Amino acid sequence: MLAYVALTKPRIIELLLLTTVPVMFLAQKGVPDLWLVVATLIGGSLSAGSANALNCVVDADIDQKMRRTARRPLPRHQVGTQAALKFGLILGVLSTAWLGLTVNWLSSALALAANVFYVVGYTMILKRRTTQNIVWGGAAGCFPPLIGWTAVTNELAWTPFLLFLVVFFWTPPHFWALAMRYREDYAAADVPMLPSVAPSAEVGRQIVRYTWATVLTSVLVWPVADTGWFFPSMAILLGIVFLLEAYDLRARARETEDLSVIKPMRLFHFSNAYLALLFVAAAIDPFIG
């Protein structure tokens, strides 16, 4: 049982749900219906778990070559390939039906689109072919704000689309920092992740560019969503710290390729905190803004 749970990558699911629920509060401009939140969480977890399990199936050959992924259930032969494939597909069907029947069919369709794009667009097409794999493939992880918004309103709007873009621009600096730490793994698995094929100085420059895009987009949410003062204040404060961390990494990467000096995981861990706090600020704003 634990092996099947591991296939769903629970830590990734936690981050995805963290960009879903706060948007429901923002869309409601208050506290959304508790059952609606629970139903959306269940459906979102099933959908993300499906995508992650299917990703494990497709990437089984490279997962066993990488230290970061070698302990996943398929490389360790804790779950068979066919069993993992069936498990992922069943979760996908359940999530689509559950969201459609308990939330609405627009949210269901968005979750299904995210699932298909992650498995087919990113895992099967982009990941092994281009250094821009995580830039475009990471869009699959940007759907939760859209799903959270439509769960409440049953319609799309500019606000969730901007939050989609926040996650879109945030993903490259977040993941490239992690990929710097494991660049030798990606090289060994022949996956052209940017840090495994480009000098650290270039990765640092790209991280700074995408961090600027993240911060500027987060501030744009304020006038579009007509939030109070709290959200833009937090967006600016968190953004300044995020930029400082990105510039510090770039400065260190200009001088050396030594990861003990570059310290990419410092930015990786802060980027997690940045996204979490930004979206929590979106949830709190209707109450104090």
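How many residues of domain 1 are in contact with how many residues of domain 2? In this predicted model, it's 34 from domain 1 and 37 from domain 2.

**View 1. Here are the two domains of the protein chain, domain 1 and domain 2.** Domain 1 covers 1-154, and domain 2 takes in 157-288. Going by C-alpha atoms, their centres sit 21 Å apart. Between them, about 3,100 Å² of area is buried, and 76% of that comes from carbon and sulfur atoms.

**View 2. This one zooms in on the salt bridge between Asp-185 and Arg-67.** Their side chains meet with 3.2 Å from N to O. Across the interface of domain 1 and domain 2, the rule picks up one salt bridge. As for polar contacts, three residue pairs turn up between the two domains.

**View 3. Now for the side of domain 1 that touches domain 2.** Helix H2 (10-18), helix H3 (21-28), helix H8 (133-137) and helix H9 (143-153) each chip in at least two residues. Sorted by class, this side of domain 1 has 19 nonpolar residues, plus eight polar and seven charged ones.

**View 4. Last up is Phe-287, which you'll find in helix H16 (residues 264-288).** Is Phe-287 buried, partly exposed or exposed? Phe-287 counts as partly exposed because its relative accessibility is 47%, and that class lies between the 20% and 50% cut-offs. Setting aside neighbours within four places in sequence, Phe-287 is in contact with Phe-25, Gly-30 and Val-31. Thr-227 is 60 residues away from Phe-287 along the chain, with 10 Å between their C-alpha atoms.

Note on methods
Residues are numbered from 1 along each chain as its sequence is written. This is a predicted model: local features need pLDDT of at least 70, side-chain atom pairs count only at pLDDT 80 or more; totals for chains, interfaces and linings use all residues. Side-chain values use heavy atoms; hydrogens and water are left out. Domain bounds come from an automatic or database domain assignment. Contact means heavy atoms within 4.5 Å. Buried area is the accessible area (1.4 Å probe) that two parts lose on being put together, summed over both. A salt bridge is a side-chain nitrogen of Lys or Arg within 4 Å of a carboxyl oxygen of Asp or Glu. A polar contact is a pair of N or O atoms within 3.5 Å; within protein, one must be able to donate a hydrogen and the other to accept it, and residues adjacent in sequence count only if both atoms are side-chain atoms. Helices (H or I, at least four residues) and strands (E, at least two) are DSSP runs, numbered from the N terminus. Ala, Val, Leu, Ile, Met, Phe, Trp, Tyr, Cys and Pro count as nonpolar, Asp, Glu, Lys and Arg as charged, and the others, Gly among them, as polar. Buried means under 20% relative accessible area, exposed over 50%, partly exposed in between (1.4 Å probe, protein chains only).
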